[in-house]
Amino acid sequence: MPAQTYDVLVIGSGASGGMTAYTLAKKGIKCLMLDAGPPIDYDRDRTLRAVYDLPYRGFGQPGRFPHVTQANEFNAAIWADEKQNPYTSDPNDPYYWVRVRRIGGKTLVWGRASWRLSDFEFKAKDHDGFGDNWPISYSDLAPYYDKCEPLFRVAGRREGLPQLPDGIFLEDASPESLSMARFIGAAKQRGIPTTKPRRATGQLASSLNLLLPAALATGNLTIVPNAVVREITSDRKTGLVTGVNFVDRHSRRELHAAARVVVAGASCLESTRLLLNSRIANSSGMLGHYLFDQFYVKGTVQAVVPEARDGKGARNLMGGAGYIPRFRNLQTKEKDFMRGYSVDFGSGGTPDPKYFPLYGEALQRALNSHRDTGFSATTMGSVLPRFENHAAIDPNVVDAWGIPALHIHAKYTDNEFNMARDAMNTLDELCHAAGFEVLEKHDQMVPPGESIHELGTCRMGDDPKTSVLNKWNQSHDMKNLFVVDGSSFVTGGSQNPTLTILALAMRASDYMAEQMRSGNL
Amino acid sequence: MRRRRFVQSLPLLSSVPVVLAQQNAPQPEVPLAMASPDSVAKPSPHFFSEPQLSALRRLSDIIVPAIAGTPGALEAGAPEFLDFLIGNSPPATRALYRSGLDALNTRSIAKYGKAFTGLDGAQAETMLAPLRDPWTWKDPPDAYAVFLRNAKSDILTATVNSREWIAVVSQRNRGASGIGTYWIPAE
């Protein structure tokens, strides 16, 4: 039998697992990566098809993805099947758990927004008194942000904003369209900052093409797809983890892989589920608690730029995208909520027909008249980490491989609701000041989880009694166990978390390698 | 006898390498022309009752009528497609549609003494008043209004994603080809 003990066993191949394997393999450490999903060839496994040739005319198979609003009939193959991979939540407070089980994980389909956190997040308690600080500060992570941004070819514009630290970007110096300039000007008048989007660029910006090939090229990485990890195994005598038991997804054959170090990078809730099912790393009782994400108010405002109607606008009137970083509760204190929100906004496109209270010929005339007149903005708000929002094992539900599933409980509170209302009113005001006509404004959040930014269930901290991991993403309880995905977050801010997950995984891997070199692991 | 058998076997033996060579030779790849089911057959609606389907057809014609050479919902087969789609949908969606279409008919009969299909244009307009209310993110409290809102969206989508609609509209707008990147299922 070819079984061997690897230096490091990495569970998951997305942002955190991919970065861990990339960093460690380049240092000469022998890694084994297990992923629950099949491999993917980005060129061969995608093709062009006409929507009318799809079985459901683009609607998708009804009921197949009740909690994945991002799924459509074109991309249905990418999302984890909810029947094979069930979970539960209170029907009155549904949680939308969105998963990808393919090599590359969610980096195959992420929005690529790449923002740094700042000490307004790392030291949030110092700033407003709520919750806990991270055990690290911005300066600890900055060198790793510096390395991740070029790797993911992040483009953006330097602004010098303390709440949104600059980085090493491909400079985006593109001019603003006239409509964007009007909106940005209206924001500036009110002291609200704006910037260009900061996004990873390239045809594909994924672990699949940016991390895994380089790791494989070292000869130090072995990837096993279709390996559904059932539990992390441990030795009670030594108090150390020894490897994992996993199931071959197709044959359901049970196997064990051994390693000196195990790294969970399976995504926030999957890693948490794995630890809970393994009954390890929970001496604090915090495992699974403090689940949070970013709340989204999609299409907070939908407006039109009046001069663009009937194709009469100037050629540079429409187009472009921008971002409002957090601007509340920095130097001042809001009465109704703590922390703050960010906004993605964009000019161009035709408003959805639903916004027009019309039908028949009148609707078609309105759509023709409003072609490429749209302006819309989506709010992404900070969610306060609360102990009561948590994930636990549901004793009554197992997945297709007999592995116990999660029950997820998460609710937003008045802090988030008040923030959403403030965002709606602010954006409405900015749109009117810019001369736009607002078709609809609202503050209805999508259900928790839908932002796909779940965080916090294996939080890091200095105190083993109140946290699961130390500041190196290392289990307080078992020193050869690391959790490198978003579950380690203590707070999340309103910034998309992937860049921080990448930086944390790289930092944890550097530490891991040093500890292994010095014989501590 | 033995010689005869040997001679009889000669052509067969000599042909074996030829056959194998033919089998191994690279064959020119000729794409096989295939037709879609919709291009050769008509759908057989079976989910909605006849009065429900009639109401859906009338509603579809009002929501997306054929305009100046552009096919409408009826030409796109939207009602028949929705019969299939809704019939395969979760129970709540099926109930919403069935009760909504029934309500269209019962309200029409109560007000005009005939089913929705039989109403003239002005009469039908009165049945669709909720669609002229401004759209909001929160669903309206009235299930009939929710049905009309969903039906408007579904009829539009079923129409603009149809082969018939795209064949015409893509002639004047290359962006309306309906072509997208499709992820092939792993297994």
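Hi everyone, let me start right where the two chains meet: between chain A and chain B there are 18 residue pairs in polar contact, counting pairs where both residues are at pLDDT 80 or more. As that cut-off hints, what you see above is a predicted model, so please keep that in mind as we walk through.

Which elements of chain A give two or more residues to the side that touches chain B? They are β3, residues 46-50, β12, residues 294-304, and α9, residues 360-369. The largest share comes from β3(A), with 5 residues. If you sort that side of chain A by class, you get 24 nonpolar, 11 polar and 14 charged residues.

Now for the extent of this interface. In general, the size of an interface is often given as the accessible area lost when the parts come together. Here chain A and chain B bury about 4000 Å² between them, and 65% of that is on carbon and sulfur atoms. Three residues are worth finding on your screen: R57(A), F59(A) and Y359(A) supply 22% of the area that chain A buries against chain B, more than any other three residues. In terms of residues, the contact takes 49 from chain A and 47 from chain B.

How many salt bridges does the rule find across this interface? The count is 1. The side chains of D53(A) and R163(B) meet in a salt bridge, with N to O at 2.6 Å.

Let's go back to β3(A), since this strand also pairs across the two chains. It is joined by 5 bridges to strand β1 of chain B, residues 179-183, and the two run antiparallel. To get your bearings, look for R46(A), which stands opposite W183(B) in β1(B).

While we are on chain B, here is a quick portrait. Chain B has 8 helices and 1 strand. Reading from the N terminus, the order is α-α-α-α-α-α-α-α-β, so to speak a run of helices with the strand at the end. Of the 187 residues in chain B, 36% count as buried. Among contacts in chain B between residues at least 6 apart in sequence, 57% join residues at least 24 apart.

Next, β12(A). Is this strand mostly covered or mostly open? It is mostly covered, with 10 of its 11 residues buried. It has strand partners within chain A, including β15(A), residues 374-382, which runs antiparallel to β12(A) and is joined to it by 8 bridges. In that pairing, V301(A) stands opposite A377(A). Another partner is β18(A), residues 437-441, also antiparallel, with 4 bridges to β12(A). There, the bridge partner of V304(A) is E437(A).

Let me finish with the salt bridges. Over all chains, a search of the whole structure finds 33 of them. One is between R101(A) and E270(A), where the closest N and O atoms are 3.0 Å apart. This pair links distant parts of the chain: R101(A) is in the loop between β4 and α2 of chain A, E270(A) is in helix α8, residues 268-278, and the two are 169 residues apart. Both R101(A) and E270(A) are buried.

A second one joins the side chains of E149(A) and R116(A), at 2.6 Å from N to O. Because E149(A) lies in helix α4, residues 138-151, and R116(A) in the loop between β4 and α2, this pair ties together parts of chain A that are 33 residues apart in sequence. E149(A) is buried, with a relative accessible area of 0%, and R116(A), at 2% relative accessibility, counts as buried too.

A third one is between R157(A) and E176(A), at 3.8 Å from N to O. R157(A) lies in the loop between β5 and β6 and E176(A) in the loop between β6 and α5, so the pair ties together parts of chain A that are 19 residues apart in sequence. Are these two residues buried or partly exposed? R157(A) is partly exposed, with a relative accessible area of 23%, and E176(A) is partly exposed as well, at 27%.

Last of all, there is a network to look for: salt bridges that share partners join R101(A), E270(A), R273(A) and D399(A) into one. Thanks for listening!

Note on methods: Residues numbered from 1 in each chain as written. Chains lettered and ligands numbered in written order. Predicted model: local features only at pLDDT ≥ 70, side-chain atom pairs only at ≥ 80, totals over all residues. Heavy atoms only, no water. Contact = heavy atoms within 4.5 Å. Buried area = accessible area lost by both parts, 1.4 Å probe. Salt bridge = Lys/Arg side-chain N within 4 Å of Asp/Glu carboxyl O. Polar contact = N/O pair within 3.5 Å; in protein donor to acceptor, adjacent residues only side chain to side chain. Nonpolar A, V, L, I, M, F, W, Y, C, P; charged D, E, K, R; others polar. Pairing = 2+ DSSP bridges. Buried < 20%, exposed > 50% of the residue type's maximum accessible area, 1.4 Å probe, protein only.
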